Protein chains: 2
Amino acid sequence: MVTSIGIVGLGLIGGSLARRAAARGYEVLAWNHTPRPYEAARRDGIQCVETLEGLAQARPELLILCNPLKAMPSILARLAPAIDPEATTLSDVGSVKGMVREQVSQAGLSGCYVGAHPMAGNEHSGFEASDPALYDGALWAVTIDAETEYRRFLAVARFITNGLGNELIVLDDATHDRAAALISHMPHAVATAMINELCASPERNIAAALAAGSWRDMTRVALTDPNRTRAMIDEDRANVEVLLRNMAARLLAFANDLHCADDLHSTDDLQHDDGLHDDAEATIAEFFSAGQSFRDFKAQTAQGAQALRGVQAAQGAALVARTGSTENENQRQGDTLDIDPACWQSELLESAKQGERIARFLDDHRVAIRRQPII
Amino acid sequence: MVTSIGIVGLGLIGGSLARRAAARGYEVLAWNHTPRPYEAARRDGIQCVETLEGLAQARPELLILCNPLKAMPSILARLAPAIDPEATTLSDVGSVKGMVREQVSQAGLSGCYVGAHPMAGNEHSGFEASDPALYDGALWAVTIDAETEYRRFLAVARFITNGLGNELIVLDDATHDRAAALISHMPHAVATAMINELCASPERNIAAALAAGSWRDMTRVALTDPNRTRAMIDEDRANVEVLLRNMAARLLAFANDLHCADDLHSTDDLQHDDGLHDDAEATIAEFFSAGQSFRDFKAQTAQGAQALRGVQAAQGAALVARTGSTENENQRQGDTLDIDPACWQSELLESAKQGERIARFLDDHRVAIRRQPII
């Protein structure tokens, strides 16, 4: 069981993590690129170290990189000669995983590395904005590859679940980065394109006057610092590129269908066009029904969350053992999963795809899971 | 001055409008396709009429169509022989204006018609959900064409401002429908395409697990009844088609720039590619800066709204006379505008494009306006 944690970078994410770990009884050591937050951090029980090399040489069992991604190569280069990879497992909280693993590998540290990405954050930054509660209810993605040692995965995953009280899913880097592009990086680009479209319109002031909730919600993320958005997309650009091409194709196909259906509204006396018209109407119908499983999922998740709160309030969050009969019941029941050491990577990746989350380690090879509805 | 109002359709929008008008001292008559809401409506001082023809024959000074758009042709056909166009000005609250004017024209009623569209509503429906406060702070678009008689515009516009206490902008149908497509109908299609993209991904459950605020906000409108969204887009399809093509082109161009910049990251030893790379970097920078005037506008509007609340609280919403020196000051100051009877249409359209809103009629040819920041 891990008892000592090293944190590189005491910003919003690293500071909140350090404070949460310290509050939960871990020995927490930290280094920051300036000593500015040290006085406040020490009051929270965090041992602040003067140099990055000194932090590595203190041999924490887990060393978690919470620095900005752009500082990653230089920090890894400084850590490489100082870290004891036998004693220390290296992790990070970066929002892209493939790029970080490549940088870790270039620094010769891939043998002791397990990636991680907590779904936590807000619009603030710096240790002064940090809060251990930032991680309340946060889901972590833990990223592994075929070379990842189970004992190192266990160190990171137990810390997240049993230590921090969070849930996690296990992913490979490519899956993580594609999923992040889909639900965050691509939407940021789409929102930016939408405000660009408005600004290019001669009627932009009228449009803005008529704008209501749909416009406000769909462009909110385009209002944040465009340099930050640009950096985020840049770090995951290959995945974003593919998704933007997909989205462009979807919008263009729908525009074509609207055009065909429109043409035929005005020329419905032309018998030979009816097939084209019917095709367009059918694909328009398909455009509006294709996402129904996501609508159902959202409705179920909302119900599930409500029910879960009710169950937890009434009975405490008791976890019941997985049996054949509960397999297809609902996500409110906790289940357990036995991890096979021979194929743990593929087993846990598949579990994530099935909407399961690891809630707690019961022993080294047995976890409590919580099931979400399936899309 | 208008004193009697006829309302066709006592749903959420029509019911709330009828109740607000009655509460503000108007004589309100109403007809609904079923008499179900009549008992409740009568308690709110609304005179309910048994037939649509009877409502028209009562000769209200304003007759406002608040029925669903799909019922418009049949309602107009029934009204045409019953209405007295000398006594009654016809209006509506439909969310598309070109289509309604065409239907009004086909019914032979264009001579007495002035279009209107209040920016009000919520996710509920029916008279039981109606609330006079639904119109609090609502902006109306009033739509006119070259044939619109000023006295009829005045009847509708005075009712909205001095009567209901709302602000308005004056638009032609095409401008209204293009603006509505830009800030509502096109975004609904984009949100739908985004959930379709998620559902088509083999990693949809993982993506949904990692989804946070940006995904939630950008897909919220895709969760509402897809048949309603489909009808809305269908009614404004020509404008939506153009905007979807524009958006597809923007996303594709950005994808191409990401691709070029990406290629060159990995082959930056090739001297002859540097120009292409620099071009891509420059257009990527342009992609993120093109919407800056909208970001500034939102920041100013937020400040303005905050300041306006402060000013109103401290001094009441006093409106000061327009002078040369206040022209470029800020939107918190109210101004007046003299309406020239010779060119009132173009004058009021231009005023809307400049971010001005009509707040109140001071006399038949003089209005108090409120200026918004300009994008």
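A salt bridge here is a side-chain nitrogen of Lys or Arg within 4 Å of a carboxyl oxygen of Asp or Glu. This is a predicted model, where local features need pLDDT of at least 70, side-chain atom pairs count only at pLDDT 80 or more, and totals for chains, interfaces and linings use all residues. Residues are numbered from 1 along each chain as its sequence is written, and side-chain values use heavy atoms, with hydrogens and water left out.

**Exercise 1.** Find which residues are linked with Glu86(A) in a network of salt bridges.

*Solution.* Start from Glu86(A): its network also takes in Glu149(A), Arg151(A) and Arg152(A). Then zoom out, and over all chains the count comes to 48 salt bridges.

**Exercise 2.** Work out which residue Glu356(A) pairs with in a salt bridge, and whether Glu356(A) is buried or exposed.

*Solution.* First, the partner is Arg371(A), with the closest N and O atoms 3.2 Å apart. Next, place the two: Glu356(A) sits in strand S10 (residues 356–363) and Arg371(A) in strand S11 (residues 366–371) of chain A, so the pair links distant parts of the chain, 15 residues apart; strands are DSSP runs (E, at least two residues) and helices likewise (H or I, at least four), numbered from the N terminus. Last, check accessibility: buried means under 20% relative accessible area, exposed over 50%, and partly exposed in between (1.4 Å probe, protein chains only). Glu356(A), at 9%, is buried, and Arg371(A), at 10%, is buried too.

**Exercise 3.** Say how Glu39(B) and Arg43(B) are placed in helix H2 of chain B.

*Solution.* Helix H2 covers residues 38–43, and because the two are four residues apart there, about one helical turn separates them. Their side chains meet in a salt bridge (3.6 Å, N to O). Both residues are exposed.

**Exercise 4.** Name the residues that touch the most other members of the largest nonpolar core.

*Solution.* A nonpolar core is a set of buried Ala, Val, Leu, Ile, Met, Phe, Trp, Tyr and Cys residues joined through side-chain atoms within 4.5 Å. The largest one has 94 residues, and the answer is Val190(A), Leu244(A), Val190(B) and Leu244(B). Now follow Val190(A): leaving out residues up to four places away in sequence, it touches Leu244(A), Val190(B), Met194(B), Met218(B), Met247(B) and Leu251(B), where touching means heavy atoms within 4.5 Å.

Conventions. Chains lettered and ligands numbered in written order.
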